[in-house]
Each structure stands twice: as C-alpha cells, then as structure tokens.
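Colleague: Could you walk me through this model? I would like to go through the sheet, the ring pairs and the cores.

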Amino acid sequence: MRAGIVEDVTQTHTAPAGGVPALDDEQRYQAAVSKDPRFDGVFFIAVTSTGIYCRPSCPAITPKRENMRFHRSAAAAQEAGFRACKRCRPDASPGSPEWNIRADVVGRAMRLIADGVVDREGVEGLASRLGYEQRQVRRLVRAELGAGALAIARAQRAQTARILVETTALPLSEIAFAAGFASIRQFNETIREVFAVTPTELRRANPGGHPPQTPPRGHNPGGRPPGTPRYRGDPSPRTLRNPVEFQTNPAAPGLVRLRLAYRAPIDAERMLGFLAARAIPGVESVQDGQYRRTIQLPNGTGILSLGPLVPSPARRGPGYVECELQLEDLRDLTAAVQRCRRLLDLDADPEAVTGYLAADPVLGPLALAHPGRRSPGHVDGNELALRAVLGQQVSVAAARRLGARLVASYGKPLSRPDGSLTHCFPTAETLAAADPATLPMPRSRALALTGLAAALASGELSLDPGAERDRAEAALLALPGIGPWTASYIRMRALSDPDAFLPTDVGVLDALSRLGAVPAGTGAPVRARAAKAAAALAESWRPWRSYAVHHLWAYLEEKDPT
C-alpha cells in the first residue's frame with residue numbers, strides 16, 4: 001500500500017457505488033495496530049466488546065481482531081449501535097480526502113452534506129442540487145457509506161452540538177436549534193446515543209474547555225421583541241419544532257472557539273503568505289500568523305479568524321488550527337467550519353500528494369522539499385469567481401486594489417465592524433444590477449464581471465461545494481470574457497478541485513522555464529509552445545495538478561519574491 005490514504009482515485013472517477021478502490025479489512029486492521037493518524041476520518045473502528053467506535057489512531061489498547069468492525073463513516077457506526085470514544089473523539093477527525101477528489105454523485109453529495117445542505121433543505125434539497133431523485137441519492141450514499149444522507153447529517157449535527165455545548169454557555173435549548181435539530185427531544189436523544197451522556201453531563205465533563213460565554217443581554221431565542229410578555233400559546237425554546245424559528249440577536253453575534261484538525265505535515269507559512277498577498281482591505285487581514293476575514297453564510301454574516309497553526313508533536317501525527325468564529329446566527333456553525341476547512345485544504349492527504357509527485361523529474365525535488373504543500377480553496381465560490389475576473393491580465397497587487405475599490409462601493413457593511421474588517425464582499429446579485437460603466441475597470445472586464453454575476457445570481461451557474469465540476473467549467477467558458485485561465489482558476493479554488501491546471505499562467509510558465517521543462521521566452525509564439533508543452537507535461541501529474549501549480553508558484557516566489 002502506498003504512503004497515501006487514497007490510492008488510484010482520480011478526479012474523473014465515476015465508478016458505481018463501492019467502485020472506489022478501498023482498503024480491505026486487513027489493511028484497516030494494520031492501520032489500527034500501527035495507530036496511523038493518516039487514516040483518521042477515512043474509516044472508523046467499532047469495538048463489539050465495549051460498544052464504542054474510535055479513530056484508527058486511538059491511544060487505547062488495540063482490541064482483539066475478532067472484536068473489531070470497520071465502518072466508512074461515523075454515522076454507520078452510530079446506526080450500528082456504537083457510541084463515540086471519549087478518549088480519541090472520532091467525531092472530531094479530519095474529513096476524508098476522498099470526497100475532495102471524487103467528482104461522482106456520492107462525492108458531490110458528501111461535500112454538500114458537510115456544508116449543511118441537508119440541515120437547511122432536507123434530502124429533497126440535496127437531491128435537487130445533485131440532479132437526482134431522492135431515492136437514488138439515498139441508495140448511492142448508503143451503499144458506499146453504510147448510512148443514509150440523513151444519518152450522516154445527524155452525526156454532523158451531533159458534533160456541532162458538542163462544540164457549542166463545550167465552548168459556549170448558551171442554554172441547551174438554544175444549542176439544539178442552532179445545531180440543526182428539529183426539537184429538543186431529538187437533540188437529547190441524539191447526544192445520548194452518540195456520546196453516551198446527556199447534554200448536561202457533556203457540559204459538566206468539559207473542564208478543559210474555553211471560558212463560558214454569557215448570553216448577550218436582550219438575547220431572544222423565541223423571536224419576540226425584548227421585554228414583550230409571553231402569552232399563552234406563544235412558542236418557547238422548548239416547544240419550537242422548526243429550526244428556522246430559532247433566532248440569534250444580530251446585534252450580538254455568537255462567539256465560538258474551536259480547533260480544526262489536519263493531517264501533518266502542512267506548509268502553513270507559504271499558505272498564509274498566499275492568502276496575505278490576495279487579502280482585500282475591509283474584507284480580509286493577515287497579521288501575526290492569523291488570517292481573518294468576513295464571510296456571508298446562509299443565515300447571516302460572520303467573521304472568522306484562523307491561526308496560528310499548532311504543529312503535530314510527531315511528524316506524522318495530527319495537528320490543528322485555532323479557529324474563532326463570530327456568527328450572527330449560530331445555525332451557520334456547520335457551514336462556517338466546513339468552509340474554513342476548504343479554505344485551508346485541511347482534509348488533504350499530503351503524504352499521498354507528495355508520494356505521487358515525488359517520482360516526477362521536474363516536480364519531485366519541489367515536492368520532497370515541501371511535503372506539506374496545500375491547495376487553498378475559498379469560503380465562498382461566488383466571491384472567488386468574481387475576484388478571478390478582477391485578476392485577469394493584471395498583477396496580484398493590482399487585483400487586490402481593484403477589489404478594495406469594489407468593496408468600498410458595493411460591499412455590504414457589517415452591523416458590527418471589527419477593526420479593519422468592515423464589509424462583506426459584494427454579492428453576485430448586487431454586482432449583477434450594477435451599471436458596467438460605473439465599475440472601476442475596463443469596459444470589457446466590467447461586462448465580463450456583470451455577466452458572470454448575473455449567471456450566478458440567476459442560478460444558471462452554480463459554484464456550491466456539490467457543483468459538477470466539468471459542467472461548471474463548460475458554463476463558465478460559455479460566458480463572455482471568461483477564458484480557460486479564469487475557468488481553471490475558479491475550478492481549482494472555488495470548487496476545491498485537486499486536479500485543475502493553468503497551462504497559460506505566466507507564473508507557471510516562468511517557473512517551468514527556469515526548471516528547464518518548457519521553452520523560455522516572451523514572444524507570443526514561444527509562449528504558445530511553452531503552454532502546449534506544460535499541458536502535456538502536466539498529464540503525468542494527475543490527479544494532483546492543482547498542487548503542482550502551487551509548487552510552481554511557490555518556487556517562483558522563492559526565486560523572485562517581487
């Protein structure tokens with residue numbers, strides 16, 4: 001078995017359910033015996049003698065082989081009657097890198113479930129986004145994961161609830177609806193089944209948690225104006241049944257602190273530098289090893305702070321990123337966490353990527369020198385796409401300045417600014433309605449920007465986590481002013497595609513020419529030959545071409561910091 005987790009899985013994989021090459025039970029057992037943290041989140045171990053399930057790296061004594069059962073998801077272990085181990089906390093494992101790689105319906109479904117679509121729209125909404133019947137989605141997901149979409153979403157809600165119980169002092173009744181549960185009873189039953197404790201006991205058993213918060217004055221979970229008396233028949237937090245009825249006072253956003261696990265190693269310094277170079281004033285800031293930005297979520301706005309990264313004590317062990325979220329509506333916690341993970345590419349398997357690229361004569365030295373290289377995604381696909389148009393044929397610094405002007409004119413001001421963070425990036429709807437003549441850019445690019453915004457606002461183009469990547473790229477290329485570079489860059493970052501490549505990118509070609517892999521020169525014919533050679537060379541880098549791009553960009557940054 002190769003050093004990586006996911007072997008022989010390509011971005012274009014479309015095999016039927018169960019067709020992804022998977023570890024057999026003997027390989028899973030060996031991973032458990034070796035306490036290998038790379039497999040945390042890839043599969044789970046249920047122990048029949050104790051009734052618990054664990055991550056492969058659980059520090060407890062390895063159970064007897066005959067007492068071990070293996071599950072592809074935490075939800076499958078829970079449905080089989082097992083509860084989460086209190087020592088290794090398998091529900092807090094990094095996500096499986098498989099779901100970022102796969103482009104089939106199950107991979108797309110898992111990305112959408114992780115983003116909270118089932119909580120917000122139900123299985124019906126999930127199926128609609130995927131373009132399949134509900135029955136087909138249920139069958140395909142269960143066949144591969146051992147549990148249906150509802151069960152997987154339920155396991156995710158339990159983890160969200162656990163975070164809120166342990167990191168805030170919000171009443172448990174409010175946490176239930178913030179985590180996505182439809183009732184207090186469902187919340188209590190799920191916590192008992194998954195963690196073998198009641199919500200109250202879970203809160204008491206967290207002596208090492210963050211300092212509790214005091215609910216903001218005027219906080220009003222029932223939706224009535226502060227000071228309004230409750231009349232007979234008014235809903236209380238214990239009688240609400242629709243999670244949409246839960247409301248958080250927008251004047252006092254919820255503050256949640258947590259840790260986001262990742263698989264070591266990780267090249268944190270370069271990734272932070274990449275984000276800093278592109279940070280738009282008013283929306284983003286990078287200072288003292290911490291990345292902060294505003295974010296628009298399904299139920300409100302928020303501010304996220306990521307960093308510093310805490311390295312693993314062992315080279316191969318798990319590390320984590322400190323994360324702080326200020327949310328107008330705590331129902332957005334699940335989506336916010338997942339978008340932070342996509343931004344920093346925290347579910348990646350760096351050893352698989354490095355092991356594959358290390359054999360290449362061009363990229364091998366770069367991959368071995370920086371085994372933790374990541375391919376940063378984004379927190380908002382629409383925003384990234386619009387920003388990609390701003391970056392057409394200009395430097396990164398110029399695109400950043402242009403973005404700042406756009407934010408000042410069209411951005412949404414925060415109700416509670418935080419230092420330099422004052423606005424959210426303009427929405428597609430806002431820019432679609434803008435007059436191209438008033439935008440601070442050449443008319444052709446302004447038309448491309450408003451045309452893209454209109455396609456996003458109308459739903460003609462979808463860049464959500466479950467978007468079909470090939471179809472989205474084709475739709476982008478059909479829009480005026482959107483060429484292959486822009487479409488590929490959007491595919492790489494907005495859709496977190498690990499196998500996107502930019503053969504015409506100036507930085508990619510300059511790096512490859514310095515490495516002696518493509519012809520050097522500045523003329524159009526020379527550049528065309530170089531781009532053709534780069535595209536041919538990159539075929540051997542599949543399915544990790546996005547990581548190859550970042551290796552080449554980073555190499556150029558080291559050689560020429562300007």
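What follows is a set of questions and answers on these topics.

Colleague: Happy to start with the ground rules; which pLDDT do local features need?

Modeller: This is a predicted model, where side-chain atom pairs count only at pLDDT 80 or more, totals for chains, interfaces and linings use all residues, and local features need pLDDT of at least 70. Residues are numbered from 1 along each chain as its sequence is written, and side-chain values use heavy atoms, with hydrogens and water left out. For local features, then, the value is at least 70.

Colleague: Which strands stand at the edges of the open sheet?

Modeller: Helices (H or I, at least four residues) and strands (E, at least two) are DSSP runs, numbered from the N terminus, and two strands pair if DSSP finds at least two bridges between them. The open sheet has 4 strands with mixed pairing, in the order β3-β1-β2-β4. Each edge strand has a single partner, so one side of it is left without a neighbour in the sheet: these are β3 (68-71) and β4 (83-84).

Colleague: And which residue is the bridge partner of Y53?

Modeller: Strand β2 (residues 52-54) pairs with β4 in the parallel sense, over 2 bridges. Within β4, the partner of Y53 is A84.

Colleague: Which residue in β3 stands opposite I45?

Modeller: β1 and β3 are antiparallel, paired over 4 bridges. Both faces of β1 are covered, with F44 and A46 on one side and I45 and V47 on the other, all buried (under 20% relative accessible area; exposed is over 50% and partly exposed in between, with a 1.4 Å probe and protein chains only). Opposite I45 in β3 stands F70.

Colleague: Which residue takes a positive phi in the hairpin of β1 and β2?

Modeller: The two strands run antiparallel and are joined by 3 bridges, with V47 opposite I52. Their hairpin has 4 residues between the strands, and the residue with a positive phi, near 80°, is G51.

Colleague: How many residues apart in sequence are the parts tied together by F43 and F70?

Modeller: Rings of Phe, Tyr and Trp (its six-membered ring) pair if their centres lie within 6.5 Å; planes under 30 degrees apart count as stacked, over 60 as edge-to-face and the rest as tilted. F43 and F70 are edge-to-face, at 6.0 Å centre to centre with 75° between the planes. Because F43 lies in the loop between α1 and β1 and F70 in strand β3, the pair ties together parts whose separation in sequence is 27 residues.

Colleague: What about F274 and W553: how many residues apart are the parts they tie together?

Modeller: This aromatic pair is stacked, 6.2 Å centre to centre and 15° between the planes. F274 lies in helix α11 (residues 268-277) and W553 in helix α23 (residues 545-559), so the parts tied together are apart in sequence by 279 residues.

Colleague: How many residues has the largest nonpolar core?

Modeller: A nonpolar core is a set of buried Ala, Val, Leu, Ile, Met, Phe, Trp, Tyr and Cys residues joined through side-chain atoms within 4.5 Å. In the largest one, L306, L325 and L452 have the most contacts inside it, and its residues number 121.

Colleague: Is A520 buried or exposed?

Modeller: A520 sits in the loop between α21 (506-514) and α22 (524-538). Its relative accessibility is 58%, so A520 counts as exposed.
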